[in-house]
Amino acid sequence: MADLGKPQNTIAVLQKYHFNFQKKFGQNFLIDARVLEKIIQAAEITAEDFVLEIGPGIGTMTQYLCENAREVAAVEIDRNLIPILEDTLQKYDNVEIINEDILKVDINRLAQEKNNGKPVKVVANLPYYITTPIIMKLFESHVPVDSITIMVQKEVAERMQAEPGSKEYGALSLAVQYYAEPSIVANVPPNCFIPRPKVGSAVIRLSSHREKAVQVEDERLMFAFIRASFNQRRKTLVNGLNNSPEVSVSKEEVVKVLEQMGLSSDIRGEKLSLEQFAELSNKLMQ
Ligand code: SAM
């Protein structure tokens, strides 16, 4: 099967199968070989690697992954794409196509079966409507992950990489940075896809921390604090926590701990770093 990084080959496949794009699945297929090569490079795929691909579409990136990795598992929700994938990937014997919703797949089991439980590399041009749930599933289910190299909406990539105090900084920045080090690899314009998305895209690599970024005694509590702080961005941290149904600490306790940390009692949550959220939640647990 011809290289799908060439737009004319993608169009030929779409026509051969009379493929109808499903908006509800966020289907925008990549048609730019340079972007595909950049993703493979950024993900540092080698002949030893097992790669999990989420949403292979018609198999464009999958072809590149099969050429470079030891083994690939590609999870695609749209059953209309399965016969197409069987066709476009027929020359490869190192790929398994799984027709399933990625949010329902037991990724831990897959990593165990395919990679002896060793950290896997995840590569995807993600469906934008479920970017955050997919990333949080990968992190929170404690799947052994080496790195996640993904195409996402440009603004989402910027939020993942944002620093305290910037307007992009929020709960997603802290969640991602708790588990991984993000770095934006490339900006990708709409004309690199069929059909063209309405938004700009970016490739971002999230490299899992080898050692924990911060020591947190109760992760759930820290993330409850983070959500409470950013749900009401314009409020002070003290009021944000006080108004949250998820958090039950008194204003006085929060003010006391902020003082101990050398922070003002009217500071907003958006100014706190990950280290400070960790310290705050550890101190308020005592
Ligand atoms: N990887 C292909 C490419 O780069 O051309 C397709 C990318 S397209 C943005 C996203 C793909 O994810 C689509 O093929 C879509 O059907 C699939 N998808 C959407 N939701 C999914 C889910 N919950 N689980 C698995 N695949 C999903």
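Which strands each supply at least two residues of the shell around the ligand? In this predicted model, the answer is strand 1, covering residues 29–30, and strand 3, covering residues 71–76.

## The ligand shell

The ligand is surrounded by 23 residues. Leu30, Gly55, Glu76, Asp101 and Asn125 are the closest of these. Leu30 falls within the range of strand 1 (29–30), and Glu76 within that of strand 3 (71–76).

Sorted by class, the shell comprises twelve nonpolar residues, six polar residues and five charged residues. As for its location, the ligand occupies the largest cavity.

## Polar contacts and burial of the ligand

Backbone atoms of Gly55, Gly57 and Ile102 approach polar atoms of the ligand. For Gly55, a backbone N or O atom is placed 2.8 Å from a ligand nitrogen atom. In the case of Ile102, a polar backbone atom lies 3.0 Å from a nitrogen atom of the ligand. Gly57 contributes a polar backbone atom at 3.3 Å from an oxygen atom of the ligand.

How much of the ligand's exposed area does the protein bury? The ligand taken alone exposes 600 Å², and 99% of that area is buried by the protein.

## Aromatic pairs

Across the whole structure, a search identifies eight aromatic pairs. One involves Phe139 and Tyr179, whose ring centres are 4.9 Å apart. Their planes meet at 5°, under the 30 degrees that bounds the stacked class, so this pair is stacked.

The Phe139–Tyr179 pair connects distant parts of the chain, its two members being 40 residues apart. Phe139 belongs to helix 6, which spans residues 131–140, while Tyr179 belongs to helix 8, which spans residues 171–179.

## Backbone features in loops

Two loop positions deserve a separate description. The peptide bond leading from Ile194 to Pro195 is cis, and its omega is near -20°. Pro195 itself is located in the loop that joins strand 8 (193–194) and strand 9 (201–208).

His18 has a phi near 45°, which is a positive value in a residue other than glycine. This residue, His18, is positioned in the loop between helix 1 (7–16) and strand 1.

Methods:
Residues numbered from 1 in each chain as written. Predicted model: local features only at pLDDT ≥ 70, side-chain atom pairs only at ≥ 80, totals over all residues. Heavy atoms only, no water. Near = heavy atom within 4 Å. Polar contact = N/O pair within 3.5 Å; in protein donor to acceptor, adjacent residues only side chain to side chain. Areas by Shrake-Rupley, 256 points an atom, 1.4 Å probe, with all protein chains shown as cover. 1 Å grid on protein atoms, 1.4 Å probe; cavity = no way out; pocket = protein on both sides within 12 Å on 5 of 7 lines; lining within 4 Å. Sits in = over half its atoms within 2 Å of the grid points. Helix = DSSP H or I, 4+ residues; strand = E, 2+ residues; numbered from the N terminus. Nonpolar A, V, L, I, M, F, W, Y, C, P; charged D, E, K, R; others polar. Phe/Tyr/Trp six-rings, centres within 6.5 Å; stacked < 30°, edge-to-face > 60°.
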